[in-house]
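Reader: I should be grateful for a close look at one part of this protein, namely its main nonpolar core and the elements that surround it. Please set that part in the context of the whole chain.

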Amino acid sequence: MRRCANPSYSPYQQRTSQKDNPTQQLIKQAVDHLIQQLEAGKSETLTAYLAAMARFHSYSFGNILAIARQRPTATRVAGFQTWKELGRFVKRGEKGIQILAPMVGHRRRKDAAEQEVTAYQEVRPASVLIGFRAVYVFDVVQTEGADLPEFEHNISGDAGECRDRLVEFLARQNIALEYNENIAPALGVSYGGKIAILPGLSPAEDLFCLVHETAHELLHKSDRRTITTATVRETEAEAVAFVVGQAIGLEMGRASSDYIQMYAGNAALLAESLEVVQRTSAVILGAIAVESSGAENAPSDSSPEAEEPIAEVA
């Protein structure tokens with residue numbers, strides 16, 4: 001997996017001032033707090049969630065089509081025994097979803113020399129696919145019992161007018177915004193020139209997701225995408241959302257830390273992307289605070305934060 005040769009580079013960005021100012025101090029405090037959370041490791045909630053998810057199988061494309069054809073509304077499926085291990089039981093009268101499971105057997109080698117068994121080594125027949133058999137799985141709504149651990153991404157607080165200002169910023173960058181329930185279970189998606197957000201989120205969570213996807217648009221829809229991994233991209237976007245959210249007073253708990261670690265990100269990776277996270281956070285904070293009534297706290301016209309760079313969108 002190729003790592004970014006220079007994680008702090010982005011073609012749209014301009015250097016921010018090295019001098020201390022209120023915005024940069026807020027950004028530094030937020031970044032330091034997020035790094036501390038990452039260094040503390042996974043929360044109990046995330047650990048339980050990942051342990052439960054590990055019990056679910058990844059199905060082949062053919063089986064995914066079979067599940068969709070038989071039960072289009074299915075969201076999380078597993079066999080009878082797996083549900084039992086998770087503390088849930090299939091409801092009486094529920095009809096299973098038929099998929100194909102591989103059957104693996106052993107084929108003995110014909111070469112007699114390879115079949116010899118010595119005092120020190122036993123040659124085992126190779127495992128091979130010998131066919132498929134029909135098995136049945138059930139969707140989570142067909143079961144009942146213990147609640148499954150969920151990934152918590154609860155964001156609260158007063159979003160104020162920040163969302164409207166961010167939407168205006170996106171319009172100036174020629175980035176379209178739509179609300180689309182078809183992106184579920186994702187809360188937001190960045191397409192490159194367009195952002196989709198799941199309808200029905202709270203104002204605070206709506207803004208947080210919008211900042212996350214805006215970070216993707218500014219950072220990862222240009223040539224820089226080809227030199228970053230998914231882990232780097234999700235770490236950077238979530239870190240920017242956390243920094244902006246904390247700066248405007250949102251309550252986020254460990255949501256961002258857990259999200260980053262779910263994508264295998266960590267404090268060391270965030271440190272490598274520190275400069276790009278700080279600069280992108282400053283750009284977004286400058287955009288949503290430009291009309292703040294507290295003019296004395298807004299960046300001055302001579303500061304780099306007052307300049308609104310145009311994003312280079314691939």
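Among contacts in the protein between residues at least 6 apart in sequence, what percentage join residues at least 24 apart?

Author: The model discussed here is a predicted one. Among contacts between residues at least 6 apart in sequence, 75% join residues at least 24 apart. The protein has 314 residues, and buried residues make up 42% of them. Its secondary structure comes to eleven helices and eight strands. The exposed surface amounts to about 17,500 Å², of which carbon and sulfur atoms supply 50%.

The core itself comes next. In soluble globular proteins, nonpolar side chains tend to be buried together. Here the largest nonpolar core contains 46 residues, and L166, V211 and V277 are the members that touch the most others. Two or more residues each are given to this core by α1 (22–39), α6 (162–172), β8 (194–197), α7 (203–220), α8 (230–247), α9 (255–262), α10 (267–272) and α11 (274–289). Helix α7 provides the largest share, nine residues. The contacts of L166 illustrate the packing: leaving aside residues up to four places away in sequence, L166 touches L207, L210, V211, T214, I284 and I288. A separate core of nine residues lies apart from the largest one and includes A52, L86, F138 and V140.

Helix α8, one of the contributors to the largest core, deserves separate attention. Of its 18 residues, 15 are buried, so that α8 is mostly covered. At 1.5 Å a residue, α8 should span 26 Å, and its end C-alpha atoms are indeed 26 Å apart. G249, which has a positive phi near 95 degrees, follows this helix.

Charged pairs also occur in the helices that supply the core. Side chains of opposite charge can pair when their charged atoms come close. The structure holds seven salt bridges. One of them joins D206 and R163, with an N to O distance of 3.1 Å. This pair links distant parts of the chain, since D206 belongs to helix α7 and R163 to helix α6, 43 residues apart. D206 is buried, with a relative accessible area of 8%, whereas R163 counts as partly exposed at 25% relative accessibility. Through salt bridges that share partners, R163, D164 and D206 are joined into one network.

Helix α11 holds a further pair, E275 and R279, whose side chains meet in a salt bridge of 2.9 Å, N to O. An α-helix has 3.6 residues a turn, so residues three or four places apart point the same way. E275 and R279 are four residues apart in the helix and are therefore separated by about one helical turn. E275 is partly exposed, with a relative accessible area of 29%, while R279 counts as buried at 7% relative accessibility.

Another salt bridge has one partner in a strand. D139 pairs with R71, and their closest N and O atoms are 3.8 Å apart. D139 lies in strand β4 (residues 126–139) and R71 in the loop between α3 (61–70) and β1 (77–79), so this salt bridge ties together parts that are 68 residues apart in sequence. D139 is buried, with a relative accessible area of 1%, and R71 is partly exposed, with a relative accessible area of 24%.

Strand β4 also takes part in a surface feature. L100, V104, L129 and F132 make a nonpolar surface patch of about 410 Å². To this patch, β3 (97–107) and β4 each supply at least two residues, and F132 is placed in strand β4.

The backbone of the loops remains to be described. Most residues other than glycine have a negative phi, and most peptide bonds are trans. Against that background, the loop between α6 and β6 contains N174, a residue other than glycine whose phi is positive, near 60 degrees. N174 counts as exposed, at 67% relative accessibility. A264, in the loop between α9 and α10, likewise has a positive phi, near 70 degrees, and is exposed, with a relative accessible area of 55%. The peptide bond from A184 to P185 is cis, with omega near 10 degrees. P185 is found in the loop between β6 (176–179) and β7 (188–190).

Key
Residues numbered from 1 in each chain as written. Predicted model: local features only at pLDDT ≥ 70, side-chain atom pairs only at ≥ 80, totals over all residues. Heavy atoms only, no water. Core = buried A, V, L, I, M, F, W, Y, C linked by side-chain atoms within 4.5 Å. Buried < 20%, exposed > 50% of the residue type's maximum accessible area, 1.4 Å probe, protein only. Contact = heavy atoms within 4.5 Å. Salt bridge = Lys/Arg side-chain N within 4 Å of Asp/Glu carboxyl O. Expected span 1.5 Å × (residues − 1). Patch = residues over 30% accessible without salt bridge, like charges linked within 9 Å, V, L, I, M, F, W, Y side chains within 5 Å. Areas by Shrake-Rupley, 256 points an atom, 1.4 Å probe, with all protein chains shown as cover.
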